[in-house]
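Good morning, colleagues. Please take a moment to look at the sequence and the structure before I begin.

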Amino acid sequence: MKKYKIAVLVGSLRKESWNRQLARVLMGMMPEEFECEFVEIGDLPLYNQDDDYTPAEPVARLRAQIKAADGVLLISPEYNRSLSGVLKNALDHGSRPWGESVWRDKPAGVIGVAGGAIGTAVAQQHMRTIMAALNMPTMGHPEAFLQYQEDLFYDDNTPGERSKDFLQNWVDSYVRWIKLHNSDLV
């Protein structure tokens with residue numbers, strides 16, 4: 001059975017952020033042939049074009065992890081109606097130097113959780129715009145704009161009863177998307 005390596009980037013640095021918890025829940029819902037790995041982005045220096053050909057170790061590590069991945073999962077909060085700065089910084093580092101983007105043709109899914117009624121809808125739209133510029137095929141449906149509630153997921157990294165079916169549907173769609181973009185059909 002083919003194994004699929006999934007690079008998971010969480011746009012929140014807080015250890016117990018809702019989005020990191022959501023990432024753990026989603027990783028636990030993936031089928032066994034999907035190997036998900038967190039990609040550390042909190043130690044990346046701010047992007048500076050002067051460093052394109054002499055990247056810091058954390059940047060080289062990020063680039064190697066993305067190159068080795070069959071797909072990407074981006075999970076981000078919404079900060080001021082956009083994605084987090086730390087996630088944008090990671091996207092910028094992976095896209096440079098010009099012509100050497102590690103994101104190119106990497107299939108991806110975007111999801112996130114926030115306290116407001118529209119969840120991370122605007123942040124996800126900004127991510128989709130960036131990902132289109134990076135030529136990353138991004139799953140369009142189902143969309144998931146999650147508003148945090150106490151029973152969204154549990155401390156043991158399992159989905160809550162009310163969200164379990166919805167999240168499993170999202171994961172199943174993501175799995176199909178990754179398999180499609182890693183097949184001979186593409």
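I start with one residue, Glu78, which is buried, with a relative accessible area of 14%. Please bear in mind throughout that we are looking at a predicted model. Which residue forms a salt bridge with Glu78? The partner is Arg81, and the closest N and O atoms of the two are 3.2 Å apart. In general terms, side chains of opposite charge can pair when their charged atoms come close.

That pair belongs to a wider set, for the structure holds eleven salt bridges. Another of them joins Lys179 to Glu33, with 2.9 Å between the closest N and O atoms. This pair links distant parts of the chain: Lys179 lies in helix 5, residues 164–181, while Glu33 sits in the loop between helix 1 and strand 2, and 146 residues separate them. Is Glu33 buried or exposed? Glu33 counts as buried because its relative accessibility is 11%, under the cut-off of 20%. Lys179, by contrast, is partly exposed, at a relative accessible area of 31%.

Next, consider Arg162 and Asp151, which form a salt bridge whose closest N and O atoms are 3.0 Å apart. Both residues are in the loop between strand 5 and helix 5, eleven residues apart. Arg162 counts as exposed, with 63% relative accessibility, and Asp151 is partly exposed at 28%. Finally on this topic, Asp43, Glu57 and Arg61 are linked in a network of salt bridges.

I now turn to the strands, and to strand 4 in particular. How many of the residues in strand 4 are buried? Strand 4 spans residues 108–114, and seven of its seven residues are buried. Ala108, Val110, Gly112 and Ala114 point one way from the strand, whereas Gly109, Ile111 and Val113 point the other way.

Strand 4 has a parallel partner in strand 3, residues 71–75, and four bridges join the two. Within this pairing, Val110 of strand 4 is the bridge partner of Leu74. Between these strands the chain passes through helix 3, residues 85–95, in a right-handed β-α-β crossover.

Strand 4 also runs parallel to strand 5, residues 145–147, to which three bridges join it. Here Val113 has Leu146 in strand 5 as its bridge partner. Together with helix 4, residues 121–133, strands 4 and 5 make a right-handed β-α-β unit.

Thank you for your attention.

How values were computed: Residues numbered from 1 in each chain as written. Predicted model: local features only at pLDDT ≥ 70, side-chain atom pairs only at ≥ 80, totals over all residues. Heavy atoms only, no water. Buried < 20%, exposed > 50% of the residue type's maximum accessible area, 1.4 Å probe, protein only. Pairing = 2+ DSSP bridges. Right-handed = clockwise from strand over helix to strand, strands pointing away. Salt bridge = Lys/Arg side-chain N within 4 Å of Asp/Glu carboxyl O.
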